[in-house]
Amino acid sequence: MSKYEEQLSYLQKPNEEEIPEDIQQLFDQHVEKQQEQNGFVNNLFKILPLNALQYKGFLEFKYSLFNEETTYLSLADKEMIGLVVSSTNNCSYCLTSHSDVLRGLTKNPGWVDQLTYNYRSAKLTEKQRALCDYAYRVTRYPNEITTKEVDLLREAGFNDHEILEAAHVAGFFNYTNRWVSTIGAVANPGHYGHNR
């Protein structure tokens, strides 16, 4: 039986016979890890093997932004940026999956819910507020960005390594919001109640 039986987007299901064996093994490792950690799999891992090499590149880029050993901002800060971007873009899939991840990181589901609905209603530190404001501005008004956005992050205590990473992460989530919404990806129902 194929690993890709479910119809989880507007696109055709991946054909396992078209995926190089070494790349399918990589995908299988990611799926097994998710199944072990969460008890279910993020549905994108069942959709995106349709274009296997592009999906491998996506995973490698994501890893470069979220590897705790080589990055500057905390995972919680990056997921917080992701929620603000996804909320601003009304990307329900990304809100569902990333709020799950942030609940797991913070062990504070009520706070994550507030952040997801409207970050302005959540209790935030000065640095968190600055990151959220930045994520909102670069998502909603990208054509109006000036040195002010960088200066505000510096004033809140971020160095330039962290600011560049915040820019990459906000850009990454805007990128994913757009194509995830475009393909009509269906979130795994497991995300809704997980880490609560």
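Below are short exercises on a predicted model, each with a worked solution.

**Exercise 1.** Find what end-to-end span helix α1 should have, and compare it with the model.

*Solution.* Start with the limits: α1 covers residues 21–38, which is 18 residues. Apply 1.5 Å a residue, and the expected span is 26 Å. The rule counts one less than the number of residues. Now take the end C-alpha atoms: they lie 25 Å apart, so expectation and model agree.

**Exercise 2.** Sort residues of α1 into buried and exposed, then locate the buried ones around the axis.

*Solution.* Use the cut-offs: buried is under 20% relative accessible area, exposed is over 50%. The buried set is Ile 23, Gln 24, Phe 27, Asp 28 and Gln 34. They span an arc of only 140° around the axis, so they sit on the same side of α1. Next, turn to the face pointing away from that buried side. Its exposed residues are Glu 21, Asp 22, Gln 29, Glu 32, Lys 33, Glu 36 and Gln 37.

**Exercise 3.** State which elements the buried residues of α1 pack against, and what follows the helix.

*Solution.* The packing partners are α2 (44–47) and α3 (52–66). Just past α1 comes Gly 39, with a positive phi of about 90°.

**Exercise 4.** Is Leu 95 buried or exposed, and which residues does Leu 95 contact?

*Solution.* Place the residue: Leu 95 belongs to helix α5 (residues 92–106). Its relative accessible area is 16%, so Leu 95 is buried. Set aside neighbours within four places in sequence. Leu 95 then touches Leu 83, Ser 86, Ser 87 and Thr 116. Finally, relate it to Asn 38: Leu 95 and Asn 38 are 57 residues apart in sequence, and their C-alpha atoms are 17 Å apart.

Notes: Residues numbered from 1 in each chain as written. Predicted model: local features only at pLDDT ≥ 70, side-chain atom pairs only at ≥ 80, totals over all residues. Heavy atoms only, no water. Helix = DSSP H or I, 4+ residues; strand = E, 2+ residues; numbered from the N terminus. Buried < 20%, exposed > 50% of the residue type's maximum accessible area, 1.4 Å probe, protein only. Arc of directions from axis to C-beta. Contact = heavy atoms within 4.5 Å.
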